[in-house]
Every structure is written in C-alpha cells, then in structure tokens.
Amino acid sequence: MIKRLFFIVLAGLSLALQANASEVNINGVAPDYAGKKVTFYYHPDPVLYQDVPLASTTIKEDGSFSLSFSLSRTKQVYCNLDKYQGVLVAEPGQEYQVILPKYVPLTDSQKKSPYFKPIPYWLGLKNRPKTDINFRIREFVEELTHEINQNVNDIYHDGSQRVAGEIITKLEKAFPDTKSSYFNVTKEYYYAGLEYDASQRNPDAVAMKYFATRPVELGNAKYQELFRTMFTNFLKKKAQSVDFEKVTPLVDSGNWKGLLDFFTGKGYHTSFAELAILKGLNDGFYSSFFEKEGVLRTLKHAETEATNAEYRNLAKDITKHLTETMTGSEAPSFSLKNNTGKETALSSFHGRYVYLNFFSTDNNESLQDLKLLKNVQQRFHQVLTVVSVSMGDNFDTAKQLWEKNGYTWPLLDASGNQKLADAYRVKDFPTYYLIGPDEKLLLSPAPAVSRGFQAAFVRVFRSTENQRKRAASSPSNK
C-alpha cells in the first residue's frame, strides 16, 4: 500500500512539473544572419556540461526569425553565432524580442583552430521592462566587476576577506533580494566566487560555506560555472589528504553508498555530496589514480542508488561518456608538430606499441614521471615508443626540458588543444594511454609510469603477441 502510494505521489509530481512548464518565445530581425541556422540550448549539469538543444530555426531572407520552447523554471540559455555565443536568461511564459550582435564570420584559422571559443555576448532585448532579470544580472555583474577592479591588489594579492566582505555588503544594498530566486542565487554564487578569489590559501572554507553544506542549485549557470572551477578532480584531491584516505578504497571497490555515507559523515549535504562524487568519478576515470573498473562499478550502483532521478540519469550518461574510449576502440587520430617543427601523426607509429603521455610542464607529477619515462623508453625501445604530448601553454619550456635532460623520445606540441584533450578525455596531468600496433587502445587509460605501467605493459604485450601468433597460424589464414 505504501509503495503504491509513493508511485501515485511521484506521478502527481511529474504531472505538476509538466503543468507548470510554459512556452518561451524568442523572435527578432537580423538581416546579416539570413539563411543561417540558430539553435538555443542549455547545460543541464556541471559534470558533463553538454549542450542540450531547446529549439532551432533558420533565419529568413528578410532576417526575421521566431522560435519557442517549453521551460518549467528559469534557465540561462545560449546560441552559437559564429564569433559570439549569445546568452539569455529565459523565464517560463515570457516573450523576448532579441537583438543579435553584428554578424562576424569565423576566419579560416578560427574554423580550424581547436583553441577558438566564441565570445559570450548578452543578447540585446527590445520592449522589456527595466526590472527584467537579464538587465538586473548585467547591472549587477558590471558593478561587481567595477568594485573588483578597484580592489584588485587587496583581493588577489593580499587575499583580503575584509575587502571582499565590504564589496558584498555594498552590492547587497544596491541589489537587495528580489522575488526572483534565480537572481538571488546568481548573486550568491558571484559572491562565492569573490570570496574564493580572496581565499586561494584556504579555499576549503568557501567550498564548505557555499557548496558542501547546502542543497545543489543545479539549474543556475553561475553555480555550474563556479562548481566546475572549484571541484574539478574532487575525489583525487580529497584522496590525497590524510583525512580522506578512505576515498580511494571506496572508489576502487565500487562502493557508492560507502562514499556517500563517508562524505555526509563529514558534514556534506546529501545532494551536494552526490553531485561532487559524480564529478569526481568522471574526472578520476582518466587520471589513473583510481581503478577504472572501480569507477565504473561505483557509477553502476549510482544508477540505482542515487537519491534522485536526475543523478541516476546523470550516472548513466557519465558511464556512456567514459566508455566511448574503452579498450579495443580506435585511438583518436592526431597530427601535431614535434620539437623540431615536423608534423607527426599517430599513424607515424603504426606497427609499434605507443605509450602516449599527456603532460604539462607546470605539473610536478608530470615532471617526476618524465624522469621515469626515460627508463621505460630504454627498456622497451625495440617494440614500444614513448610519445609525450605537451598540453601546457609554453612549448619552449618543454623543448628545453628535452634538451637539458637528454630525452630522446618524441615530444609533440598540443598547447591549448582542447579538441585533442576532449578526444582523449584529458582531465588531469599526467594522463596515459597504451596504443597497439594496429592503433587501437589497449589500456585506456593506462597506468602511470609511477603506478606499475611496466608490469602492465609486459602482461598486455605477451597477451597481444600470443593472440597475433594464434591468428597468424589459424587454418583460415593459410
């Protein structure tokens, strides 16, 4: 009876949410965009941060356009306009006559460049009251930016919490709480960002104050932005602390409930703990810090044990996302310049095993591993090539390392190459992959050189070579 009542209540809640959804209408006239397709989208969560389309339209020859989509709550939505990324806070049931920026086409180099990102641009609005949330947020951000610029040294150099507090007090007088919960939450997490900037020596205090002890504000754009800034590699960073040493065995054993109980026992709000754990699992899968199988088992439990449907679905999406580069699939191809300026493609190493190392010169663990990679290259040079891909901003620094330390294996330049980082799911440094002679992933990710790669490679090499010999001697191949 109780179970039946639960499902009746759940069904009623779902219907209520659908009933509260209202149409948002967006229209305008932009002749210089004639014939171009415009899609509005949003980001449902700060973990995968994927673009979820809401509605699309093709702008007519006279420049007019109109589209609509359904929203049950206020969301920040976006549209890509070549050089610009249009930004709009949309409220359910509202109509927006928007003004697009002057069209600026991408150059050929921008189209090809993995570094290019469109410039955020608040869409202009016609016939909206001055109290519209878009105007209020823009005014607030402009005033906050002005105050920060006036106190840059105190905030970023001296880390003055007093100055940060004075700015917050001043802004609260100018922008008191309104009936818009979205605006109030947005302000709160801009304040959190200010305190975080002034607390770089002790960011944990800000994390506990604004995130760990509060319910999640999943649908707020500023919350998502700051969460992604502060909680990247959450589980790995925690696991390196003595107070959180239980994290690694819990992840490696696939114990979702144990992880959740551990963090709630530390004072974390349940909804936040779950979101942070999911973010940590997504990032940790590629770090070689946790057992890959353990991460996937933990996510599998989260698909049924997480406390709400959004998180259960997110766990499924993360699993799907992670397994796209599973062992056995084709390694993402690339062509990068080496330290002599020559273009070098992954296919250049066809027929050899490749130990692919993504590193950054400003990461201490990366620098320590480079010294160990020298031994790997020397020991296995007959069958394996170490390939180091520099992801840092200054390739000259990486080249100097090679010259100074006598490193002889290939060094490739992927400075700021987000496209390649995404293809190989590089979330942390160093990150490793083992690629077979047929350019398929054999260990994805592979153990770090400091965490048992040599033994792992010997096992994989023997297994792979035995399979190749058996296939070659098979009657079907004679």
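**Exercise 1. Find where aspartate 132 sits, and decide whether it is buried or exposed.**

Step 1: Aspartate 132 lies in the loop between β9 (124-126) and α3 (133-150); helices (H or I, at least four residues) and strands (E, at least two) are DSSP runs, numbered from the N terminus. A friendly note before going on: this is a predicted model, in which local features need pLDDT of at least 70, side-chain atom pairs count only at pLDDT 80 or more, and totals for chains, interfaces and linings use all residues. Residues are numbered from 1 along each chain as its sequence is written, and side-chain values use heavy atoms, with hydrogens and water left out.

Step 2: The relative accessibility of aspartate 132 is 3%, so the residue counts as buried (buried is under 20% relative accessible area, exposed over 50%, partly exposed in between, with a 1.4 Å probe and protein chains only).

Step 3: Leaving out residues up to four places away in sequence, aspartate 132 touches Tyr96 and Leu125 (contact means heavy atoms within 4.5 Å).

**Exercise 2. Work out which residues with positive phi, other than glycine, are found in the loops after β5 and β9.**

Step 1: In the loop between β5 and β6 (84-90) is aspartate 82, whose phi is near 60°. Aspartate 82 is partly exposed, because its relative accessibility is 33%.

Step 2: In the loop between β9 and α3 is asparagine 127, with phi near 60°. Asparagine 127 is exposed, at a relative accessible area of 71%.

**Exercise 3. Explain why helix α8 (residues 221-230) is largely enclosed by the rest of the structure.**

Step 1: List the buried residues of α8: Ala221, Lys222, Tyr223, Gln224, Leu226, Phe227 and Met230.

Step 2: Seven of the ten residues are buried, so α8 is largely enclosed by the rest of the structure.

Step 3: Look for the packing partners. The buried residues of α8 pack against β5, α6 (181-197), α7 (203-212) and α12.

Step 4: Check the start of α8, where a side-chain oxygen of asparagine 220 comes within 3.0 Å of the backbone nitrogen of lysine 222.

**Exercise 4. Locate the cis peptide bonds that lead into proline 430 and proline 445.**

Step 1: The bond from phenylalanine 429 to proline 430 is cis, with omega near -10°. Proline 430 belongs to the loop between α17 and β15 (431-435).

Step 2: The bond from serine 444 to proline 445 is cis, with omega near -10°. Proline 445 belongs to the loop between β16 (441-443) and α18 (453-473).

Definitions and conventions: Polar contact = N/O pair within 3.5 Å; in protein donor to acceptor, adjacent residues only side chain to side chain.
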